Amino acid sequence: MDDNQDTQEIPLRPLVWIGDSLKNIRSFPEEVRASVGYALQLVQAGETPMDAKPLKGIGSGVFEIVKRYDTDTYRAVYAVKIGGKIYVLHAFQKKSKQGIKTPQVDIDLIKQRYKDAVGREKQ
């Protein structure tokens, strides 16, 4: 049996990094960076990573990947329903020690970047 018959190449949707998202992910610890990168690659292939959950109140198709590392929590927020691309809207280390709620300053930034991404797609 030919090995090439068992594999099928899956086209990946392009990633678009908004604002400082890429720079922020690059500053994450290597283990977190690799995990978020793998999760985003799954998203590009049309899958939903196990550690992704909908982020409500932003727009349709906005998800958040949450990674815990040591005593810190890292988050990457992306949108899947804006055209044919995956928009990475924000990536950050959660600083608040109270609860799991995303800080309002980050929510406001994500909302603005979502609007920007929608505007880009309409051009």
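## K85 and its contacts

Leaving aside neighbours within four places in sequence, K85 is in contact (heavy atoms within 4.5 Å) with R13, P14, V16, A79, V80 and E121. K85 itself lies in strand β5, strands here being DSSP runs of E with at least two residues and helices runs of H or I with at least four, each numbered from the N terminus. With a relative accessible area of 30%, K85 is partly exposed. That label sits between two cut-offs: buried means under 20% relative accessible area and exposed means over 50%, using a 1.4 Å probe and protein chains only.

A quick word on the model: it is predicted, so local features need pLDDT of at least 70 and side-chain atom pairs count only at pLDDT 80 or more, while totals for chains, interfaces and linings use all residues. Residues are numbered from 1 along each chain as its sequence is written, and side-chain values use heavy atoms, with hydrogens and water left out.

## The overall picture

The protein has 3 helices and 5 strands, and from the N terminus on they run β-α-α-β-β-β-β-α. Along its principal axes, the C-alpha trace spans about 55 × 40 × 25 Å. Of the 123 residues, 39% count as buried. If you look at contacts with a separation of 6 or more, residues 24 or more positions apart account for 53% of them.

On the surface side, the accessible area comes to about 7,800 Å², and 50% of that belongs to carbon and sulfur atoms. Those areas come from the Shrake-Rupley method with a 1.4 Å probe, and for residues only the protein chains shown count as cover. As for charges, the mean positions of the 20 positive and 16 negative ones are 12 Å apart. Lys and Arg count as positive and Asp and Glu as negative, with His and the chain ends not counted; each charge is placed at NZ of Lys, CZ of Arg, CG of Asp or CD of Glu.

## Helix α3

Helix α3 takes in residues 104-122, and its 19 residues should span 27 Å at 1.5 Å a residue; the end C-alpha atoms are indeed 27 Å apart. The expected figure is 1.5 Å times one less than the number of residues. Its buried residues are D106, I107, I110, R113, Y114 and A117. They cover an arc of only 130 degrees around the axis, so they sit on the same side of α3; the arc is taken from the directions from the helix axis to the C-beta atoms. Over on the other side, V105, K115 and K122 are exposed. The cover over the buried residues includes α1 (21-27), β3 (62-69), β4 (72-82) and β5 (85-94).

## Two isoleucines in α3

I110 is one of the residues of α3, and it counts as buried because its relative accessibility is 0%. Not counting residues up to four places away in sequence, I110 touches L55, I58, V77, L89, H90 and F92. From C-alpha to C-alpha, I110 and S21 are 11 Å apart in space and 89 residues apart in sequence. For K85 and I110, the C-alpha distance is 17 Å, with their positions 25 residues apart in sequence.

I107 is also found in α3, and at 12% relative accessibility it counts as buried. Outside four places in sequence, I107 is in contact with I58 and T102. The C-alpha atoms of I107 and I58 are 7.9 Å apart, for residues 49 positions apart in sequence.

## Helix α2

Helix α2 (residues 30-44) has 15 residues that should span 21 Å at 1.5 Å a residue, which agrees with the 21 Å between its end C-alpha atoms. Buried in α2 are V32, V36, A39, L40, V43 and Q44. Their arc around the axis is only 145 degrees, which puts them on the same side of α2. The face turned away from that buried side carries the exposed residues E30, E31, A34 and Y38. What covers the buried residues of α2 includes β1 (15-17), α1, β3, β4 and β5.

## Positive phi values

After α2 comes G46, with a positive phi near 95 degrees. D70 has a positive phi too, near 55 degrees, in a residue other than glycine. Most residues other than glycine have a negative phi. D70 is placed in the loop between β3 and β4, and its relative accessible area of 70% makes it exposed.
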